[in-house]
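Pull up the model and have a look around with me. Here is an informal walk through the parts that caught the eye.

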Amino acid sequence: MNNRFENAALEETRRYFLGRGAGVSLGAMALGLLENLRQAIAEPKQNLGLPDLPHNSPRAKNVIFLTQSGGPSQIELFDHKPDLMKWAGKELPESIRGGQRLTTMTANQKQLIMPSRTKFKRYGESGATLGEWLPYHGEIADELCFIKSMVTDEINHAPAMTKFLTGHQLPGRPSMGAWSSYGLGSENQNLPDYLVLISKMKRPSDQPLYDHYWGSGFLPSQYQGVKLRNAKEPVLYLRDPDGMPRSVRRGMLNGISELNQMRLEQTGDPEIETRIRQYEMAWRMQSSIPELNDLSDEPESTFELYGPDSRRPGSYAANCVQARRLIERGVRFVQLFHPDWDHHSRLSSWCVARCRDTDQASAALVKDLKQRGLLDETLVIWGGEFGRGVAGQGKWDSPEGGRDHHPRCFTTWLAGGGVKAGLTYGATDEFSYNVAENPVHVRDLHATVLHLLGIDHERFTYRHQGLDFKLTGVEPSNIIKEILA
């Protein structure tokens with residue numbers, strides 16, 4: 001008998017809560033969800049970065065990083081050394097090598113000099129020298145700022161690329177894009193602050209691209225790069241199941257958000273806040289991503305400018321078009337990866353193929369940004385993790401010859417975003433083996449990019465495990481003032 005009365009009392013309590021208690025009813029709850037839906041759509045939360053940034057007046061608002069993975073050869077593409085012909089087949093002088101480390105692939109062979117496989121020309125009023133495999137670059141030579149004296153410390157791909165992108169050779173640090181997203185945020189509400197596009201190659205590539213290259217490291221995970229896949233669904237798990245109305249999905253997200261918010265207030269865990277933001281971002285991306293990937297609104301002139309490969313989804317050229325579209329939509333940092341620049345053999349054919357993939361589209365992107373009035377506020381960066389050595393790998397005089405990794409000098413170029421156009425900065429020795437003038441370490445490049453975004457790299461820190469970490473680390477880093485417009 002007692003159990004029956006207890007059950008009745010419990011049922012009355014449930015009815016009271018759902019029906020009469022405090023004026024709450026199922027209808028009122030539904031109206032609340034609809035009101036939350038209207039507020040979420042009408043007043044999305046903005047992610048405008050840290051309150052004390054920018055530190056100085058920014059010259060660049062956005063960044064497009066054209067990452068050439070594998071180590072493009074500066075000797076064939078940018079760094080003209082005509083006197084190498086008289087050294088052809090001779091051994092590199094020990095006074096030049098200076099005991100520098102070689103990889104295991106060439107450490108046991110004689111360092112016989114292989115002159116450039118290309119002819120060079122001067123272009124534009126700046127007189128920039130470019131190899132014949134990059135003819136379209138010649139058309140934008142006066143827009144580019146070449147840094148021919150880049151230096152890194154790592155001789156193998158993964159640590160060198162990790163350092164090039166995160167400032168440290170070991171995984172676990174935030175990438176440059178994640179740092180910029182954390183510091184500056186984005187005024188765009190329908191797409192992430194940091195997006196990554198990887199070229200879909202015509203043949204399989206053996207160049208691995210690791211997620212930590214665009215990771216957030218110890219920063220909250222909301223700042224990591226979001227990879228757009230070369231597939232029917234560019235971002236997985238965005239599409240609702242068939243038959244699910246948008247209102248039902250919105251109501252579910254509102255309920256999850258309230259629970260997450262309660263837990264966040266209890267624990268202060270920043271990953272819960274990330275989860276809340278990512279749910280909301282995914283909701284908005286359900287409409288923004290399909291619109292972004294639909295290039296049917298691009299005029300024919302776009303595909304003529306970027307080349308025929310721009311019609312192939314996932315190609316480097318198509319990704320360059322997407323990069324411009326992302327910048328137009330307010331995305332802060334866009335990073336393209338094009339692999340397969342690792343030419344230990346058959347350099348004369350494989351390097352040509354990679355230039356054919358990227359030359360016209362890279363030049364078209366700079367032209368396109370300029371004609372749309374976006375280049376002044378967009379910093380474009382082109383480069384790989386290191387360069388190539390002057391000695392031939394294999395037979396130096398054979399079509400099968402290639403070049404090994406070389407970290408002591410390589411070339412990167414910048415355009416727009418507050419850098420001097422038509423400038424060549426730095427120089428190498430007669431063998432393109434050592435920096436002869438104005439060395440630029442990877443840390444210096446990072447400090448300069450942050451400066452152009454309005455950030456003082458010395459003051460831009462994140463406390464982790466009791467230490468104040470910086471993108472530029474603890475070693476001296478200098479802004480390359482000579483290249484600033």
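What follows goes from the overall make-up to a few helices, then to some loop residues and backbone oddities.

**Overall make-up**

Keep in mind that this is a predicted model. The protein has 485 residues, and buried ones make up 53% of them. Its secondary structure comes to 13 helices and 17 strands. Looking at contacts with a separation of 6 or more, 79% are between residues 24 or more positions apart. The accessible surface is about 22,400 Å², with carbon and sulfur atoms holding 52% of that.

**H11 against H12**

How do the axes of H11 and H12 cross? Helix H11 covers residues 316-328 and helix H12 covers residues 347-371; their axes come within 9 Å and cross at roughly 15°. Angles under 35 degrees count as roughly parallel, so H11 gets that label relative to H12. As for handedness, the crossing of H11 and H12 is right-handed.

On the H11 side, the contact uses Tyr316, Ala317, Cys320 and Arg324. Facing them from H12 are Asp357, Thr358, Ala361, Ser362, Leu365, Asp368 and Leu369. By type, the residues of this contact divide into six nonpolar, two polar and three charged. The spacing along each helix brings a textbook point to mind: an α-helix has 3.6 residues a turn, so residues three or four places apart point the same way.

Just ahead of H12, in the loop that runs from strand S7 (333-338), sits Arg346. Its phi is near 50°, a positive value in a residue other than glycine. Arg346 is partly exposed, at a relative accessible area of 34%.

**Two covered helices**

Helix H6 (residues 157-166) is mostly covered, with eight of its 10 residues buried. Those buried residues are His157, Ala160, Met161, Thr162, Lys163, Phe164, Leu165 and Thr166. Right after H6 comes Gly167, with a positive phi near 90°.

Helix H7 (residues 176-184) has nine of its nine residues buried, so it is largely enclosed by the rest of the structure. Among them are Met176, Trp179, Tyr182 and Leu184, along with Gly177 and Gly183. Here too a glycine follows: Gly185, just after H7, takes a positive phi of about 65°.

**Buried residues in loops**

Several loop residues are buried, and the table lists four of them.

| Residue | Loop | Relative accessible area |
|---|---|---|
| Ser69 | between S1 (62-68) and H3 (74-77) | 2% |
| Met114 | between H4 (94-97) and S2 (120-123) | 0% |
| Thr152 | between S4 (144-151) and H6 | 0% |
| Ser432 | between S13 (427-428) and S14 (435-437) | 0% |

What does Ser69 touch, once its neighbours within four places in sequence are left aside? Its contacts are Met161, Gln207, Leu209, His338, Pro339, Asp340, Trp341 and Glu385. Met161 is one of the buried residues of H6.

Thr152, in the loop leading to H6, touches Lys163, Glu385, Phe386, Pro407, Arg408, Phe410, His441 and Val442, again not counting residues up to four places away in sequence. Glu385 therefore turns up in the contacts of Ser69 and in those of Thr152, two residues whose low exposure counts as buried. Lys163, like Met161, belongs to the buried set of H6.

Met114 is in contact with Val390, Ala391, Gly392, Trp396, Gly402 and Arg403, leaving aside neighbours within four places in sequence. Its C-alpha atom is also separated by 8.1 Å from that of Trp87, which is 27 residues away along the chain.

**Backbone details**

Ser432 joins Arg346 as a non-glycine residue on the positive side of phi: its value is about 50°. Which burial class does Ser432 fall into, buried or exposed? Ser432 is buried because its relative accessible area is 0%, and buried means under 20%.

Finally, there is a cis peptide bond between Leu53 and Pro54, where omega is about 5°. Pro54 belongs to the loop between helix H2 (26-42) and S1.

How values were computed: Residues numbered from 1 in each chain as written. Predicted model: local features only at pLDDT ≥ 70, side-chain atom pairs only at ≥ 80, totals over all residues. Heavy atoms only, no water. Axes fitted to C-alpha atoms, helices over the stretch in contact; angles between N-to-C directions. Helix = DSSP H or I, 4+ residues; strand = E, 2+ residues; numbered from the N terminus. Parallel < 35°, antiparallel > 145°, perpendicular 65-115°, else oblique. Left-handed = near helix turned anticlockwise from the far one by under 90°. Contact = heavy atoms within 4.5 Å. Nonpolar A, V, L, I, M, F, W, Y, C, P; charged D, E, K, R; others polar. Buried < 20%, exposed > 50% of the residue type's maximum accessible area, 1.4 Å probe, protein only. Areas by Shrake-Rupley, 256 points an atom, 1.4 Å probe, with all protein chains shown as cover.
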